[in-house]
Amino acid sequence: MMELWQALKRHTKSGKYPFHMPGHKGGRLGIFSDMMRQDITEIEGFDNLHKPEGILLNAQKRCAGVFGAEESFFLINGSTSGILAAMMSCCNENQEILIARNCHRSVYSGLIFSGAKPIYILPEMLKGKELFGSITIEQVKKTIEKYPNAKALLLTSPTYEGITSDIENIAHFLHQKNMVLIVDEAHGSHMKFHDFFPKTALQQGADIVIQSLHKTLPSPTQTALLHIQGKRADRKKIQQALSMVQSSSPSYLFLAAMDACCGWLQKQGKKEFESYVKKLQWFYKRASNLENIVVLQKAGFDRDRGKIVLQLPKENITGIQLNDLLRRNFAIEMEMGSLSYSIAMTSPADTKEGFCRLVEAIEKIDKQLSKTKKHIFSKIEEGDCPPIIKTTPRRAYFAQKKEILFLESENHVCGEFIIPYPPGAPILAPGEVITKEKIQKSILLQKAGVSFVGCQDTALKNITVLAESE
C-alpha cells in the first residue's frame, strides 16, 4: 500500500531536474516548498489518471478492494465530478431521471450538463425536527409507476445530517426495472469501517456510489472516489465523462493522499475506528441530559451518528447563533448552522479533548438558554408539493434572461439557483416557477443569517428569470 506516495518520495531524492510542469519546479520557488517537491505531472513511471495502466491503476484497484467495489476511480475534483460523470453516463437529453429533491447542488449542475429531465421525489420531513428524512421504497415505487421510462434514480444517503435511506430494498426494486441506482454518499466514506455506522450503499447493492474521502477520513479537501459494481452502469461512458469533468493535469499530491488514505484504512483503520466510536459513544451519553438542546439520535431509516446534530429550541436560539457563540466564546468551529439545528462533523481524527470541549461548551450554553425565552423566527413550512417545472434546467440555463425584483418574481420562471448553503439543496432551480411560498421561505432564511449561493444577488434583492418570450 501507499505505493504512489513512496514513489513520489523516491522521485524527490533522485536528483532529476524538472524541465516539465508545474512551474514551481519542485518547490524551487513559492511557498510550501516541502510539499511541492512531491507535486509533479505525468512523467515517466507515474502513469496517467485518464488512461491508467500502471501505478495509478494499481492504486485504484487497491482502493476498490478496501471499499468493497468492483471498480473505483480517484476523483481530484471532489464528489461533484463523480456526480456529473455518473449522470452523464446514465441519461441523454430529455430522458427522465428520478432525483431526491434534497440532493446537493452538483446534481442540478448535472441536469444542465446532461440535459436530462428531472422527476423529483420529496423526502418526508421528520416530524417536529424541520429537516429532511429518508427516501422510502414506497415513494420510489409510486414515482416509477407514473414515470416507467426513467433511466435512473439519484439520491443522497447519508444526508448532511446523517440520515440514510433503505438502499437495499430500493436497489432491489430498481434492478427489477433495469434502472441504475446512483447514490451520493459523499458524507459516508467512513461507514464501512465499523458497524456503529449504517451499511454503505455498496454493501446494499447500489450501482454507482460517490464518496468524499475528505469529509470524514484523513485526506485533503477535493479528494473523492467513484465506485462501480454490477453490469448496469456503463463503465466506458463513466470513464469518458470523468475525462471531461476532471482536470487534465491532476494533482499527484491528491492522488498520493488517496492512496495513502487507503493504506491507513488497511493498516490502522480497525484500531482507529474502535477508538473513534468509543469517543462518540461517550459524547452521546454525556450529552443525553441537556435541558434545552436535543442531540439527535436515530431518525428516518437509519442515521450516521458521526454527524452530531444539535436540535435547538426555536424560541431561544438558531443554529447560526449557536455556532457564533461556540466560535466566539469557546474557540470551536462547527460544520454548519441552520435555523433549528447545528451540525458538528466528526471523524477518526477527532480527539477526546475535542469532544470534551464541545460537550462542556454545549452544557454551559444549554443552562443559559433556560434563563431566556424569546421568539427567534417563524416556522418554515416546507410544503408537500414538488417544484413546478416549466422547462428543463439545461434549457433554462441557455435561455434569454432578465433581472427583476425578487419580491415581485412570483409566477416567473427562475433562471438561476437559489440555494441556502450549506447544505446546498436548492429552494429554486433554473426552469422552475417561482411561487409565493418559495419567496417567503428564501427571505426568511436570508433574514435569519443563512447564506445563499448559485444566484447573482446573494442578498436576494433581485433574481434572474427567463425572458417573457421563453
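A residue is taken as buried when its relative accessible area is under 20%, and in the predicted model considered here Phe 67, at 3% relative accessibility, therefore counts as buried. Phe 193 also falls in the buried class, because its relative accessible area is 17%.

These two residues take part in the aromatic contacts of the model, for which a search of the whole structure finds 14 pairs. The ring centres of Phe 67 and Phe 193 lie 5.4 Å apart and the ring planes meet at 80°, so the arrangement is edge-to-face. The pair connects distant parts of the chain, since Phe 67 belongs to helix H3 (residues 55–67) whereas Phe 193 is found in the loop between strand E6 (180–184) and strand E7 (208–212), with 126 residues separating the two. An edge-to-face arrangement is likewise assigned to Phe 273 and Tyr 276, because their ring centres are 5.9 Å apart and their planes are at 75°. In this case both residues are located in helix H11 (residues 269–286), where a spacing of three residues corresponds to about one turn of the helix. Phe 273 is counted as buried because its relative accessibility is 0%, and Tyr 276, with a relative accessible area of 0%, is buried as well. Through ring pairs, Phe 67, Phe 193, Phe 273 and Tyr 276 are linked into a cluster that also includes Phe 196, Phe 197 and Trp 264.

Aromatic rings are also met by charged side chains. The charged end of Arg 101 is positioned over the ring of Tyr 120, at 4.6 Å from the centre of that ring, and Lys 352 lies over the face of Trp 282, with a distance of 4.6 Å to the ring centre.

Burial is further seen in strand E4 (residues 152–156), which is largely enclosed by the rest of the structure because five of its five residues are buried. Both faces of E4 are covered, with Ala 152, Leu 154 and Thr 156 buried on one side and Leu 153 and Leu 155 buried on the other. Strand E4 runs parallel to strand E2 (residues 96–100), to which it is joined by three bridges, and within this pairing Ala 152 of E4 is the bridge partner of Ile 97. Strand E4 also runs parallel to E6, and five bridges join these two strands; here Leu 153 stands opposite Leu 181 of E6.

Technical notes: Residues numbered from 1 in each chain as written. Predicted model: local features only at pLDDT ≥ 70, side-chain atom pairs only at ≥ 80, totals over all residues. Heavy atoms only, no water. Phe/Tyr/Trp six-rings, centres within 6.5 Å; stacked < 30°, edge-to-face > 60°. Helix = DSSP H or I, 4+ residues; strand = E, 2+ residues; numbered from the N terminus. Buried < 20%, exposed > 50% of the residue type's maximum accessible area, 1.4 Å probe, protein only. Lys NZ or Arg CZ within 6 Å of the ring centre and 35° of its normal. Pairing = 2+ DSSP bridges.
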